[in-house]
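Hi everyone, thanks for coming. I'd like to walk you through one model today, starting with a single helix and then stepping back to the whole chain. Have a look at the screen.

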Amino acid sequence: MKIEQIYTGCLSQGAYYIESNGEAVVIDPLREVEPYINRAEQNGAKIKYVLETHFHADFVSGHIDLAEKTGAQIVFGPTAKPSFDALVAVDGQVLKVGDVSLTVLHTPGHTMESTCYLLSDQQGKQVGIFTGDTLFIGDVGRPDLAQKVSAGLTQEKLAEHLFDSLRNKIMPLADDIIVYPAHGAGSACGKNMSKETTDTLGSQKTSNYALRVDMTKEEFVEEVTGGLMPPPAYFPENVLMNVNGYESIDRVLERGAQALDAAAFEAVANQTGAVVLDTRDAEIFAKGFVPNSINIGINGGFAPWVGALIPDIKQSILIITEQGREEEVVTRLARVGYDHTIGYLKGGIDAWVKAGKETSQIQSVTADQMSQRLKMDPAIGVLDVRKASEFLSEHMLDAENIPLDYINDHLAQIDKNKTYFVHCAGGYRSMIFNSVLKARGYDNLIDVRGGFKAIKDSGKLEVSNYVCPSTLL
């Protein structure tokens, strides 16, 4: 038996490949399915099942393409109502894969169809459980994402279901069973997830706050629902794609692979109203970019930030990136449902400059330079674009917190005629913030290289006393 976790850092997501005696199963696959197919072919195995733990909100699963390309059967847990051919399993149903088996455990709470798969080896010993978003390492799934499905389904009622699922289906299992969750730290599907991506169930019973044996249902509901912020706007759209189906990833990649010279790129941008998305690193972007383009670096938390900041999932997108990374960008956009990339700038920003096209810049300074400027002009504002929990934990005195996640809700707070220093934790989010606002006519923003870490390390700017971070997402 082979168990492989295929972890994708950008999405903090774990897919799984399990193989036994010539048969394989893939759990919660990403949109691009060739890696799973290649694994099976190299090992001479046939993918028998594609198991889905629930209808994902934070990414578009590859279940449909994988099933069409391999003949595998898609499996969901009880109550799921997909718009395509799939096996909706019953609670306790056993699926055979080679010499091993997976038992369906219906665990509603994160969503009503949420399901775990309990793996037993050749001798029938239970060895692992694939928990999706029901149980993470250090946390459990947030119970507010499915509450719009039914008028009577609140986050409190979902949390009650989750409490029962954990106590009745998971906690009675043996301590030596390995927990394989769908996400780790960085995902918006939970609050306190560990950086570790697997653990024994016994360890989780002693360290995971949500599995305390002395916890009442009322206490569980209060703790699990406390501190929840609104989920990213793209989540409902991804759920619908996972339920109703989507365009083949092959067609999405073909459309996005259109190479456009500078003149054609400019013409298409003007004709379509496409978002121009520049995925280069922040410091490189700041030195010169296509006017009105926004920067979301491919080397950071790319896909979730695209989902948070481009509200229309059907928005046409033109990309500017390092040469050779075009397909990667299109693929990572498709992972979160942005299927309408319509081309890229051939030759990148260098080709744009060589064509004599106009460029824009964003001023960037060090923390020391920021300190000097503030001494000369204390009227310059400071915007901290980290999450509220980060800001409350520790921040520069007199800074104003405008989290990047909710930039559109706070535009009225920013004076277009005033100069601001803008920082995040390390520089990735602040450049996104600055590029978005510059595209909207805010020309007096100065990026702080190295973010809050550099500000604190400089010792020249006063910061608040550190307090333990809150549970706000």
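Which residues of α2 are buried? They are H63, I64, D65, L66, A67 and T70. Before I go on, please keep in mind that this is a predicted model.

So, a few words on that helix. Helix α2 runs over residues 63-70, and six of its eight residues are buried, so we can call it mostly covered. What do those buried residues pack against? The list has both strands and helices in it: β3 (23-27), β4 (46-51) and β5 on the one hand, and α1 (34-42), α6 (235-244) and α7 (249-256) on the other. Right after α2 comes G71, and its phi is positive, near 80°.

That brings me to backbone angles. Outside glycine, most residues have a negative phi. Two residues here go the other way. D28 is not a glycine, yet its phi is positive, about 50°. You will find D28 in the loop between β3 and α1. Is D28 buried or exposed? D28 is buried: its relative accessible area is 2%, and the cut-off for buried is under 20%.

The other one is T79, again not a glycine, with a positive phi of about 80°. T79 sits in the loop between β5 and β6. With a relative accessible area of 49%, T79 counts as partly exposed, because exposed needs over 50%.

Stay in that loop for a moment, please. K81 is also found between β5 (73-76) and β6 (87-88). K81 has a relative accessible area of 69%, so K81 is exposed. What does K81 touch, if we leave out residues up to four places away in sequence? The answer is F55 and V243. For a sense of scale, take F285, which is 204 residues from K81 along the chain: the two C-alpha atoms are 44 Å apart.

Now let's zoom out to the whole chain. The protein chain has 16 helices and 22 strands. Its radius of gyration is 24 Å, and the globule rule gives 23 Å for 473 residues, so the chain is as compact as a globular protein of that length. Along the principal axes, the C-alpha trace spans about 70 × 50 × 40 Å.

How much of the chain is buried? Buried residues are 55% of the 473. If you take the contacts with a separation of 6 or more, 69% of them join residues 24 or more positions apart. As for the outside, the accessible surface is about 19200 Å², and carbon and sulfur atoms account for 48% of that. For the charge fans among you, there are 43 positive and 62 negative charges, and their mean positions lie 3 Å apart.

Last, the domains. The assignment gives domain 1 (1-235), domain 2 (246-353) and domain 3 (362-469). Between domain 2 and domain 3, the C-alpha centres are 26 Å apart. How many residues does each of them bring to their contact? Domain 2 contributes 16 residues and domain 3 contributes 14.

If you take one picture home, let it be α2, with six of its eight residues buried, and K81, out in its loop and exposed. Thanks for listening, and I'm happy to go back to any view you'd like to see again.

Conventions
Residues numbered from 1 in each chain as written. Predicted model: local features only at pLDDT ≥ 70, side-chain atom pairs only at ≥ 80, totals over all residues. Heavy atoms only, no water. Helix = DSSP H or I, 4+ residues; strand = E, 2+ residues; numbered from the N terminus. Rg over C-alpha atoms; globule rule 2.2 N^0.38 Å. Buried < 20%, exposed > 50% of the residue type's maximum accessible area, 1.4 Å probe, protein only. Contact = heavy atoms within 4.5 Å. Areas by Shrake-Rupley, 256 points an atom, 1.4 Å probe, with all protein chains shown as cover. Lys, Arg positive; Asp, Glu negative; His and termini not counted. Charge placed at Lys NZ, Arg CZ, Asp CG, Glu CD. Domains from an automatic or database assignment.
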